[in-house]
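Below are my notes on this entry, set out as numbered points for a colleague who has the coordinates open.

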Amino acid sequence: MTGSRQAVMDRIRAGLGGVVEDGAGRSASLKRDYRQHGTLDAEKKIALLIERLHEYDAEVAECAEPELPATIAAQIARSGRRVLVAPSGLPAAWLVKGADWRVDHELTHAQIEEAEGVVTASFCGVADSGTIVLHHSPSEGRRVLTLLPDWHLCVLRTRDVVETLPEYFARCAEPPRLATYISGPSATADIEMTRIKGVHGPRFLSVVLVRDDG
Amino acid sequence: MSAPAQHPILDPAAAPPFPAAALPVLRNAQLRKNVAHATDVIQGKRNRLVAEKTDWTELRESASAIRAHTLEHLGEYLAEFEERCTLAGGVVHWAADAGEAREIILRILQEEKADEVIKIKTMTSAEIQLNPFLRQNGVRAYETDLAEIILQLGEDEPSHVVVPALHVNRAQVREIFARTMNLPELSDDPQALTAAARTYLRKMFLTVPTAISGANYLIAETGGVAIVESEGNGRMCLTLPRTMITLAGIEKVIPRFRDLEVMLQVLARSATGERMNPYTSLWTGVTPGDGPQHFHVVLLDNGRSAMLRREMERQTLKCIRCGACMNTCPVYRQTGGHAYGSVYPGPIGAILTPQLQKLEHAQTLPYASSLCGACYDVCPVKINIPEVLIDLRAQVTEKERAEDRRFFDPIYVGMRVANWVFASAGRFRLAQRAARLGLRLFTRKDGWIHALPGVGGRWTMTRDLRGLPQQTFREWWAKERGR
Ligand code: SF4
């Protein structure tokens, strides 16, 4: 710690009238009348997610659990990419034939930069905003893995899809230490408000939706 | 294209008064066109997405309540943030003012032996004028947000808190990039311009080991920091370097992780008219094996704590810098951001800057408004900007009166006289009669006054004044109803 901690704190306390503050924690009881839960049935919820992902120009493929490795292989083949990185915790069955896998056992930034794509799992999806949530667990990978490669294939299970953002927060038993929320590929509108895709992050997002909600 | 304007001055202590700064802009047709286009587009998107949100009112209510509650307990939440962030491996610094923040950041960079640093867009760093300071001390700061690159390479200044280069059009961007990146063949297609920026930055991201960011939210509960962005330059800066420095105003804290479920929903819709911005990043201290292994947070006061005293002014600190108030403001939409002489333009700038300056500078800003209230309508955290503007106007007047600077100013004298006249019914009646007689001279046949001499001319310069009626209401009443 450096600088003027005491001076700043004193000024804050003086500003707030020097009352003994004991209100912290009370934030939980603030008024929250906004929509906490979705109202769509399972089918409509997934349809909404797919619609949103399409709006972001993401590719979506659906499959049942047993077909997952084959679907991953098909999506990789379609993308025309070969050199792929994978998080260290990616299920072995997902490391399908036909790609040149570089599993992340302390890969360097340069090695990751060389890869043409990355395949990861995900923590959950939010239909309302078309958001993919990563908590960077071993199967979701370190943050850099989903940042440098130009193509991101992300596996999402339908039982992990919620309708509203508050439902995602309700799912977090513990706040994540690291998280990335992805709502469409990297984009900018800084020049005359013209939306341009692919500034720095991956330019292509491909989602494999695993139908596992019965 | 119009002649290039002079370099905008965003230091409130040195900037000209708002009316003087606005005048050249009002004559710059190109700039006004650029600003109008950008604000129209964002507003259109924002309005559509707010309209589709059935619980917008409730979200706004909660966002406002969370921010107000946080400020009421700011000390506690900052202490909690500091404790958690430190436990997670971060180092928290406290800066009483801009100078101290600059010194702290420079010292960290020197310890890292850094002579280069990459930056994620942060208005707070512009507030403390960090880049020129680092440069004087041998550290080159590279902006990485597309808009900020345009401004940095074009030696220009930001004019909006969300889209800082909205006053620059594609032809101007092409000119800047072609010249500074040595790409004479570059086209003015936004796609090509964006690609040029990507190439320009890629190597920098992979090689520069230190980064500076701002923060959208500091989470007291976890000690974590949240940043929202669109391009991915933020993710690059907060993932690849070895050392990361986050500069944040003390008001940026929110109580709990879950509060993001409100703040993120209102921010994206208000700022860019999206359901969610493309990337939101959240990190907590240092995580072994993932991202920077040295993490510093610099908490900046710089005039903020003085605004906590009165609820009226305190609400200014609820701001989440979404920019919606400027997009909708009829004044900003005509003048753009530079006229405000501060990194914080528009309605929020008009109340924030004078307060940060303790009313020693920027006294004209509270008047840079028609008080139409459009800013209050759109503000996602319900800051009653018009109310604060009026309060600040009163403070400016008080201050001027106290300093006797306005003693001979005709407006001040006029107000004093009016005060005296309005205080008595008899004097008021006499004054009405005198005014009717006096103004008759200037009233045309159509019943309007088109031009007045002296101070009155300041009014009739821009609008006509209705002539006084032959009879006042009181006279009419006395006649109709008798005594
Ligand atoms: S004052 Fe309100 S509308 Fe303006 S930038 Fe701040 S939060 Fe947004």
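1. In this predicted model, the buried residues of α16(B) pack against a set of helices of chain B, namely α6 (123-127), α13 (311-314), α14 (324-328), α15 (332-335), α17 (374-378) and α18 (385-402). Helix α16 of chain B spans residues 346-356 and is mostly covered, since 11 of its 11 residues are buried. The buried residues include G346(B), P347(B) and I348(B) towards the start of the listed run, and P354(B), Q355(B) and L356(B) towards its end. Just after α16(B), K358(B) takes a positive phi of about 50°.

2. Two further residues deserve a look for their backbone angles. R321(B) has a positive phi of about 55° although it is not a glycine, and its place is in the loop between α13 and α14 of chain B, two of the helices against which the buried residues of α16(B) pack. R321(B) has a relative accessibility of 15%, and because buried means under 20%, R321(B) counts as buried. In chain A, D57(A) also is not a glycine and has a positive phi, of about 65°; its place is in the loop between α2 (42-55) and β1 (59-64) of chain A. At 51% relative accessibility, D57(A) counts as exposed.

3. The sheet involves both chains, and its strand order is worth tracing on the model. It is an open sheet of eight strands with mixed pairing, in the order β8(A)-β5(A)-β6(A)-β9(A)-β9(B)-β6(B)-β5(B)-β8(B). At the edges stand β8 (161-162) of chain A and β8 (253-254) of chain B, each with a single partner strand, so one side of each is left without a neighbour in the sheet.

4. Where do the chains meet within this sheet? The order places β9(A) beside β9(B), and five bridges join strand β9 of chain A (residues 178-182) to strand β9 of chain B (residues 279-284), with the two strands running antiparallel. Within this pairing, L178(A) has W283(B) of β9(B) as its bridge partner.

5. Helix α12(B) connects the description of the sheet to that of the helices. It lies across β9 of chain A and also across β5 (217-219), β6 (224-229), β8 and β9 of chain B, running at about 175° to β5(B). In addition, the axes of helix α2 (residues 29-52) and helix α12 (residues 260-272), both of chain B, come within 6 Å and cross at roughly 145°. The residues that meet are I42(B), K45(B), R46(B), L49(B), V50(B) and E52(B) from α2(B), and R269(B), S270(B), A271(B) and T272(B) from α12(B). By class, this contact of α2(B) with α12(B) has four nonpolar, two polar and four charged residues.

6. R140(B) lies in strand β3 of chain B, residues 140-143, and is partly exposed, with a relative accessible area of 40%. R140(B) and E116(B) are 24 residues apart in sequence, while their C-alpha atoms are 4.7 Å apart in space. When neighbours within four places in sequence are left aside, R140(B) is in contact with D115(B), E116(B), V117(B) and R135(B).

7. On cysteines, a search of the whole structure finds zero disulfides over all chains. C63(A) is in no disulfide, and the nearest cysteine sulfur, that of C154(A), is 13 Å away; C372(B) is likewise in no disulfide, with the nearest cysteine sulfur, that of C375(B), 6.3 Å away. Because a disulfide requires sulfur atoms within 2.5 Å, neither of these distances qualifies. C63(A) counts as buried, at 3% relative accessibility.

8. Some overall values give the context for chain B. There are 22 helices and 12 strands in chain B, and buried residues make up 57% of its 483 residues. The C-alpha atoms of chain B fill a box of roughly 90 × 55 × 50 Å, taken along the principal axes. Among contacts in chain B between residues at least 6 apart in sequence, 73% join residues at least 24 apart.

9. Both chains are divided into domains. Chain A has domain 1 (1-29) and domain 2 (41-211), whose centres, taken over C-alpha atoms, are separated by 41 Å. Chain B has domain 1 (52-306) and domain 2 (410-481), and here 54 Å separate the centres, again taken over C-alpha atoms.

How values were computed: Residues are numbered from 1 along each chain as its sequence is written. Chains are lettered from A and ligands numbered from 1 in the order in which they are written. This is a predicted model: local features need pLDDT of at least 70, side-chain atom pairs count only at pLDDT 80 or more; totals for chains, interfaces and linings use all residues. Side-chain values use heavy atoms; hydrogens and water are left out. Buried means under 20% relative accessible area, exposed over 50%, partly exposed in between (1.4 Å probe, protein chains only). Domain bounds come from an automatic or database domain assignment. Axes are lines fitted to C-alpha atoms, for helices over the stretch in contact, and angles run from 0 to 180 degrees between N-to-C directions. Helices (H or I, at least four residues) and strands (E, at least two) are DSSP runs, numbered from the N terminus. Contact means heavy atoms within 4.5 Å. Ala, Val, Leu, Ile, Met, Phe, Trp, Tyr, Cys and Pro count as nonpolar, Asp, Glu, Lys and Arg as charged, and the others, Gly among them, as polar. Two strands pair if DSSP finds at least two bridges between them.
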